[in-house]
Structure formats: structure tokens, C-alpha cells
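Subject: Structure handover

Hello,

Here is the structure you were waiting for. Please open it alongside this email and follow along.

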Amino acid sequence: MSLFGELETIVATAARRLVADGALPAALVPARIAVDPPRDAAFGDATTNLAMVLAKPAGQRPLELAQKLAEILRDHPEIADVDVVPPGFVNLRLRARFWQRVVAAAIDAGPAYGSSTLGRGETINVEYCSANPTGPLHVGHGRGTVFGDALAALLERVGYRVTREYYVNDGGAQIEALARSVHLRYREALGERIGEIPSGLYPGDYLIPVGRAIAERDGPVWRDRPEAQWLRPFADMALDAMLRRIRDDLAALGVRHDVLTSERRLIAEGRIDEALRILDEQDLLYTGTLPPPKGKPPEDWEPVPQLLFRATRFGDDSDRPLKRSTGDWTYFAADIAYHLDKVRRGARHLVDVWGADHAGYIKRMQAAVTAVSRGTASLEVRICQLVNLLDGGKPLKMSKRAGRIVTLRDVIDEVGRDVVRFIMLTRKNDAPLDFDLAKVTEQSKDNPVFYVQYAHARICSVFRNAAAEGLAAEAAGLAAADTARLVDPAELALMRQVAYWPRLVEAAAEHREPHRIAFYLGDLAGAFHALWTRGTDEPELRFLRADDPQLTRARLALLAAVRATLAAGLGIIGVTPLEELR
């Protein structure tokens, strides 16, 4: 049940009344009408901008149309008051009984509270993490991974069939560099002095165990052989080791992928050739030269004929090369083949989660998806900005090339999976995020993950105390409690927050913004803690009242609804709803 869905129906009915009265053309009333919580509680319980949406096509002034709508809404039995404010908002205040009904609805729905059919069972592919398998995941990878995983869970919650995918970039020069780096560590394990790691290779200590394992297994077999003989086997062994480590790190973060797709396999199967045939059939390929790079071009730059994709036909600012001067495929060519593979597997909605350094790649990839799918698929790209890792306010420096890395696993082991996942969603994905190892473990209301988990644990403690005092009741039985007894402003505020949940879930899914879940949970926890504090100061507001069993039952029902909502939200973002804090 969604109370805001009910409000949308109420406003839609009022709009149809205006149509029946001749005050509004029937064709203008939209199928879906927005009714949302106001940004400021001073403006009421809910607001709609319907009058502003319809005024211009109806040839009326927004304020005049809003007044007409308000007159009809004032007669509805669930509405206590209606205000019209410029430039044409209609603000509603609801009667207490409207909010009291949400308690039973949340209890009855249980874990499914907030679910919807918005996605209508459509298939959507969410690709995230996809770090190059040349080293361990770092904190920046962690942000995109948590964002993508939470987004996938959120989309499932509203009725999409979601495939979680990881693209393994196991082709190209970086894998050869990885193989050479491991070969150096292999020789080192055999007792050689390898000196400084050459530029262009990976210097990190994380490759030492890989080289040692090969030396222990194979001895000096590979030491004196030419590179052509050991390069591919070492690449395979290094990839296997790195992917095992990445999988272990993802498991520690509570992340699983349904599909891991290999770039090398796609190339070997001729998928790039297949993709290019589709593009060529649409006259989207040609051999040409590109202008020099913007700014000051390199001194050795010269125009080289290349195979190009006509990305400018789709709004990109330049056509894009598919082959290098060496004859090797570009990363872009492989990525086109990969996205075609997703479409071939039945996906029509594609969502890719990328790091900030890939923002300039978006237009060309969207153009390619439109072209290679012949317009049957679309690509959304969500960019995750950088994470500034701090410790007590002081930056922690890291450099993959220099071998100085603060890995994602280090952070998980330091502060715990729940903290990492929650904190990664405390900012919108396209805004930079500060992650302070000291602050995220504080037990204070300034630490959002503690504040929310503390709310859930506190509610569990109330139920334990109720059981000890013989006042407990089964959650299913609490749905029948007399919530009309709950009339204090703090109790009503808490019910409003619970009522917002289904609307919030749909909005977060539609806008691809799982951080809204974390923000909402903070607001819900705040409303609960406010009521708890009132109860410590005012005995009549305490949850457990031995002198009034029916009121106790109603308040336990409210707490059961809040607990179910907190658990549902934490479940979406992959955080444990703790029953006790230690």
C-alpha cells in the first residue's frame, strides 16, 4: 500500500471533477500525477504542482487553476486543510487517521513494504565494478561497486528483472604488462635481484605472492625461456590470481555478480567483427583521418588513416577510431562488441557505472549502443566521483603505479562492510565523497550508519523489554492495534516518515539515485530518536505503559512498522539491521 499513491488518486479525481465542470479540457489530465512530500514540513504533509503543469496548455493562470483544484480537495474527508501558494502549488494537510493507517499496512507487507510494479518485469542490465584485473580493488572502485549493487537491488525492489554484470578487461597491453610484472616477481622468488621495477610495469607488492606461487609450483622452468613462450601462460596465471582476489574482496563487501564477461573471449569469438558488420550495413564505418588533439598536439603527431565510426551522426563531437595504427582493435571497438553481447542476451535497458575519468567516453558509447542495436537498446551511464580517504581529517595518499595502495579490503577490514556500504551512499554519486576512517566508526548521531543501526537496535530493545514485562505481541497481531490512540505530533511525524517510504523507493529507482535510501533512513531514524527522547522526558509518551495495555499495543505496532521499514531500506543498500550494538 502507498499512501502517496492514494493521494495521487485523490488529486486525479479532483482534476476529473474540473473536467466534468468544464473548467479543464479532459485531454490535459495526465495519466500520472505527482504528489510529493514538501521540502519544508511548514508547507504541510503533501504538495502537488498539477495546476502549474496544466495551466499553460489550459490557457489559465496557475494560481487560479490551483484555487479551483483546492476548492474540490477541501471537501475530501481525509484532507484537513488546503493551501495555495505561488506560483501555483497546492499544499495538503491530512487528518491523523490518514497517517495512522500506514502502521497496519507496513506490518502486513513486512519485508515487501515499499515494493512496487514500476518496472513491469522488464529486463535491465547493470554493469558495475569492472575494474581492470591488474591489481586489487581500491577505495574508488568501492564507491562504484556499492552504488551499482544498491542500484541493482533498488531496481529489483520496483519490479525490474536485473542482471548484475562485471566486464573483465582481460585483453590488451595492460594484461601483457601484468604478465611481465609477475614474471619479474617469479624471478625474484627464485632468488634473483630484480632491482627497481621498470616503468610501465606494476610495482605493487600484491604481485609478490603470485610470482612466489608460480616458482613453488614450476621451479625454474620459465626463467630462461624467451618471452614469447611464457607471456601468455603468465598472463593467464596472473589473471586467475587477480580475479580470485577481486572476487574475495567483493564477497567481503557483500557483492555478487550474475555474469562475468571476458573481453578476450569476445574478441576470440569474432564479436568485434560481428558488431562492425552491423555498423557497416548502416554506412556508419569509413576509413579517414582525425584532426589533431585539441590544444597543443604532440610534436610527432601526423594524420594516419584509421577505421572510424560515425559517432557524430548521434550527437558526439567527433568520429571515433576502431583500429590503432598498429592494426590492433581500440578499447572502443571491444566495448561496442561487449554491449552488443548484452543486447544479444536480451537486455534493452543498459546501465553502466563508471569512474569519473571515463566521463568523456559517454557520448561515443551511447552512440555505439544505439547504432549496434539498431535503436532497440539504450545506455545510461552513471558516473561515480572520487573518494577522498581520510584518517582523522588527514588525507591518506595512494598510488597504484608507485605500489602504494590503500585497498578496498584494507578499509573493509578496518571499519566493516556495513560502514563501507552505507558511507559510500551518503553523497550523490556525481559528487566527491570524503571517507574518514576515524569518523565513520564514532558512536554518535554525526555518524549516519551508527545513527540508523542504533534506531533499529533500540526498537529491538523495546520489544525485548516488552517481552520481559509480559507486554509483547506478535507482529501480525499488532497490525490490528488501535492506532487512533497515536495522536502526539512526534508519533504522527514518525508515521508520516513510514508513509513516505514506498514513494521514496520509486523515486530513487526512477532517478537511479540509491543515495536517497540512505538519506531517507537517516530521516526515519531521526524521527524515531526524537520520539524516544520525548518519552524519556515525558512518561506519558513512553512506549511501554503497564497501566494502558491498548496504548502500549498501539505504540509497539508503530515501532514494528518503523523497524520493518528500516530493515527494508538497509536491505536495499546491503547493510545489516542490527538487533544489538556492542
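Below are notes on its pockets, its cavity, a sheet and two buried residues. Keep in mind that this is a predicted model.

**Largest pocket**

Start with the largest pocket. It holds about 1200 Å³ of space. Its lining counts 43 residues. Nearest the centre you will find A131, H141, G355, D357 and H358. Two helices, α5 (139-157) and α11 (331-344), each give at least two lining residues. The strands β11 (349-355) and β13 (387-391) do likewise. By class, the lining splits into 20 nonpolar, 15 polar and 8 charged residues.

**Second largest pocket**

Next comes the second largest pocket, with a volume of about 860 Å³. Here 25 residues form the lining. D36, P37, P38, R39 and Y500 are the ones nearest the centre. At least two lining residues come from each of β2 (46-48), β4 (89-94), α17 (489-510) and α18 (515-537). Helix α17 has the largest share, with 7 residues. In this lining, 10 residues are nonpolar, 6 are polar and 9 are charged.

**Cavity**

How many cavities of 30 Å³ or more does a search of the whole structure find? The search finds 1. Its volume is about 30 Å³. A probe the size of a water molecule, rolled over the atoms, shows where empty space is left. The residues lining this cavity are L18, L24, L50, A51, L54, L65 and L69. Helices α2 (50-58) and α3 (62-73) each supply at least two of the lining residues. The largest share, 3 residues, is from α2. The lining has 7 nonpolar residues, with no polar and no charged ones.

**A three-stranded sheet**

Now the sheet. Three strands make up an open sheet, ordered β8-β9-β10, with antiparallel pairing. At the edges sit β8 (285-288) and β10 (320-321), each paired on one side only. Strands of a sheet pair through backbone hydrogen bonds. Between β8 and β9 (residues 306-309) there are 4 bridges, and these two strands run antiparallel. Look for Y286, which stands opposite L308 in β9.

**Two buried residues**

Go back to α17 and pick out E506, which is part of that helix. Is E506 buried or exposed? E506 is buried, because its relative accessible area is 17%, under the 20% cut-off. Beyond its neighbours within four places in sequence, E506 contacts R32, S116, L118 and V158.

Then turn to α5, the helix that holds L155. L155 also counts as buried, because its relative accessibility is 0% and the cut-off is under 20%. Which residues does L155 touch, once those up to four places away in sequence are set aside? They are I124, V126, Y160, V162, A509 and R512. One distance is worth noting for L155. L201 lies 46 residues from L155 along the chain, and their C-alpha atoms are 40 Å apart.

**Where to look**

For a quick tour, begin at H141 and D357, among the residues nearest the centre of the largest pocket. Move on to R39 and Y500, among those nearest the centre of the second largest pocket. Then find L54 and L65, which are among the residues lining the cavity. Finish at Y286, opposite L308.

Best wishes

Notes. Residues numbered from 1 in each chain as written. Predicted model: local features only at pLDDT ≥ 70, side-chain atom pairs only at ≥ 80, totals over all residues. Heavy atoms only, no water. 1 Å grid on protein atoms, 1.4 Å probe; cavity = no way out; pocket = protein on both sides within 12 Å on 5 of 7 lines; lining within 4 Å. Points joined across faces, edges and corners; volume = space filled by probe spheres on them. Nonpolar A, V, L, I, M, F, W, Y, C, P; charged D, E, K, R; others polar. Pairing = 2+ DSSP bridges. Buried < 20%, exposed > 50% of the residue type's maximum accessible area, 1.4 Å probe, protein only. Contact = heavy atoms within 4.5 Å.
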